[in-house]
Amino acid sequence: MMAAACARTLSKVGRLVLDTPKCRVTNTVALVPRMTMRCQGRAYGTGGAGFRSRLLLAAPVRGSGRVLGCAFLLGGGFGLYQTIKLTLQRHLAEEKANAPELGTDLKLTLYQYKTCPFCSKVRAFLDYHGLPYKIVEVNPVMRQEIKWSTYRKVPILMVNETVQLNDSSVIISALKTYLVSKEKTISEILTFYPEMKAKNDRGKDVIEFGNKYWVMVRDADADHLYPEKDTRKEEIKWRQWADDWLVHLISPNVYRTPTEALASFDYIVQEGKFGTIEGFFAKYFGAAAMWFISKRLKNKHHLQDDVRKDLYKAVNDWVAAIGKNKKFMGGDQPNLADLAVFGVLRVMEGLQAFDDMMEHTKVKNWYQAYAEGRTTSAIKSKLLSSLQQLEALDTCTTLKTKLDAICW
Ligand SMILES: N[C@@H](CCC(=O)N[C@@H](CS)C(=O)NCC(=O)O)C(=O)O
């Protein structure tokens with residue numbers, strides 16, 4: 001978002017001053033040790049951003065699907081469960097090759113900044129549905145990875161390498177429509193979300209998308225998806241709230257003081273794809289710039305002097321809207337509003353603002369319930385995918401039916 005644009009400007013200046021061939025070190029080499037350390041500091045095991053997960057998980061787990069499946073069939077189910085659970089709790093979910101949901105056939109590539117709340121929303125959706133996807137981390141300074149696209153923001157989701165979905169809410173609504181209705185292609189579904197040119201509050205041209213919070217399904221499917229009166233309206237309302245209000249509380253809160261701004265940029269640089277020089281400039285100058293900019297954002301969005309109060313009120317409003325009798329906004333299982341709010345809040349994990357929010361609001365139970373549900377569902381996906389790899393399809397189908405009844 002703003003931080004990316006800011007990092008881009010600052011890093012361009014930085015590169016002009018400092019960039020010499022000698023200074024260039026590849027991102028991965030430069031960042032691995034720091035990322036590994038960072039991962040130990042994160043709460044809730046949600047893997048606030050998946051870079052570390054991919055680094056740590058890729059080799060051992062991906063190569064071992066067959067072994068895991070054999071172990072399970074040989075009766076080592078419990079041991080396997082524990083093994084997978086441990087692995088997943090450490091790395092959870094957002095690695096490149098998630099286990100596929102049975103019956104989905106889409107090849108998905110997500111272009112993202114890992115710490116962007118809109119991208120995090122999309123990952124929350126894909127992970128929740130067990131859809132496999134590849135991640136392309138975009139360098140926020142050069143954005144080479146999306147040079148081919150006329151749409152210049154992230155997230156972008158490529159489907160089967162041919163259909164481009166832009167905007168987090170369009171991506172989520174279109175994929176949900178596809179999963180529920182199963183009768184239209186993604187290209188056909190995309191026509192329900194027309195691109196429109198609009199002006200923002202500063203008169204700047206922006207792109208908007210019609211119907212973006214609507215899952216476009218037939219009445220019979222809608223009755224199934226939204227069994228209770230008003231649940232569809234409620235889902236739309238809170239998804240929009242997450243984009244139009246909650247997201248705007250993130251920057252003012254994570255860049256609230258110079259110390260917090262530095263910690264936030266440290267996180268952004270560690271998790272994102274930056275060159276060494278870019279990273280250096282982004283961290284120190286970006287933090288300083290964002291500390292100033294966050295004051296402007298505070299005025300722009302009419303936040304209180306103590307921006308924490310707005311954050312606390314927002315998440316308490318969210319919890320109150322869920323009510324005492326429900327686990328999630330969606331009932332026993334999260335709906336698209338739960339996924340959106342979780343996706344946005346998760347980007348603050350490991351930062352002071354997140355800890356303060358957990359301590360001073362009522363959001364903790366909901367957040368923990370979601371995080372636990374993710375762990376169990378990721379275990380389920382891994383089990384099913386191991387069985388699939390072994391072509392134990394009958395067992396797989398039976399197990400899936402049983403597991404569907406007890407977890408996502
Ligand atoms: N409405 C869009 C907003 C996406 C957005 O603003 N993304 C930011 C990153 S968090 C971005 O790409 N900004 C442009 C830039 O970095 O240059 C969505 O929901 O996907």
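**Exercise 1. A strand and its partners**

Which residue of E2 does Leu110 stand opposite? Work this out in the predicted model, and then describe how strand E1 is placed in its sheet.

*Solution.* Begin with the pair itself: Leu110 faces Ile135, a residue of E2. Next, look at the two strands as wholes, where E1 (residues 108-112) and E2 (residues 133-137) pair in the parallel sense over five bridges. The path between these strands includes a helix, since E1, helix H6 (residues 117-128) and E2 make up a β-α-β unit that is right-handed.

Now turn to strand E3 (residues 156-159), which runs antiparallel to E1 and is joined to E1 by four bridges. Two of the partners can be named here: Tyr111 has Ile156 as its bridge partner in E3, while the partner of Leu108 in that strand is Val159.

Putting the strands together gives an open sheet of four strands in the order E2-E1-E3-E4, and the pairing in this sheet is mixed. The edges are formed by E2 and strand E4 (163-166), each of which pairs on one side only. On average, and with direction ignored, neighbouring strands of the sheet are turned by 20 degrees against each other. Helix H6 packs on the sheet, where H6 touches E1, E2 and E3, and the direction of H6 makes about 155 degrees with that of E1.

**Exercise 2. The two sides of E1**

Determine which residues of E1 point one way and which the other, and decide whether they are buried or exposed.

*Solution.* Sort the residues by direction first: Leu108, Leu110 and Gln112 point one way from E1, whereas Thr109 and Tyr111 point the other way. Then consider accessibility, for which the cut-off is that a buried residue has under 20% relative accessible area. By this test five of the five residues of E1 are buried, and the strand is mostly covered.

**Exercise 3. Comparing two ring pairs**

Classify the ring pair Phe281 and Phe285, and do the same for Phe342 and Tyr367.

*Solution.* Two quantities are needed, because a pair of aromatic rings is described by the distance of the centres and the angle of the planes. The structure holds 17 aromatic pairs. One of them is formed by Phe281 and Phe285, with 5.1 Å from centre to centre and 15 degrees between the planes, and this pair is stacked, since planes under 30 degrees apart count as stacked. The two residues lie four residues apart in helix H12 (residues 276-300), which means that about one helical turn separates them. Their surroundings can be read from the accessibilities: Phe281, at 10%, counts as buried, but Phe285, at 42%, counts as partly exposed.

For the second pair, the ring centres of Phe342 and Tyr367 are 5.0 Å apart and their planes stand at 35 degrees, so this pair is tilted. Phe342 belongs to helix H14 (residues 336-346) and Tyr367 to helix H16 (residues 364-389), and the pair therefore ties together parts that are 25 residues apart in sequence. Both Phe342 and Tyr367 are buried, and both belong to a cluster linked by ring pairs, whose members include Trp238, Trp318 and Tyr370.

**Exercise 4. Checking helix H16**

Compare the span that H16 should have with the distance between its end C-alpha atoms, and ask how many of its residues are buried.

*Solution.* At 1.5 Å a residue, the 26 residues of H16 should span 38 Å, and the end C-alpha atoms lie 37 Å apart, which agrees. Of these 26 residues 19 are buried, so H16 is largely enclosed by the rest of the structure. After H16 comes Glu391, whose phi is positive, near 60 degrees.

Definitions and conventions:
Residues are numbered from 1 along each chain as its sequence is written. This is a predicted model: local features need pLDDT of at least 70, side-chain atom pairs count only at pLDDT 80 or more; totals for chains, interfaces and linings use all residues. Side-chain values use heavy atoms; hydrogens and water are left out. Rings of Phe, Tyr and Trp (its six-membered ring) pair if their centres lie within 6.5 Å; planes under 30 degrees apart count as stacked, over 60 as edge-to-face and the rest as tilted. Buried means under 20% relative accessible area, exposed over 50%, partly exposed in between (1.4 Å probe, protein chains only). The expected span of a helix is 1.5 Å times one less than its number of residues. Two strands pair if DSSP finds at least two bridges between them. A crossover is right-handed if, with the strands pointing away from the viewer, the path from the first strand over the helix to the second runs clockwise. Axes are lines fitted to C-alpha atoms, for helices over the stretch in contact, and angles run from 0 to 180 degrees between N-to-C directions. Contact means heavy atoms within 4.5 Å.
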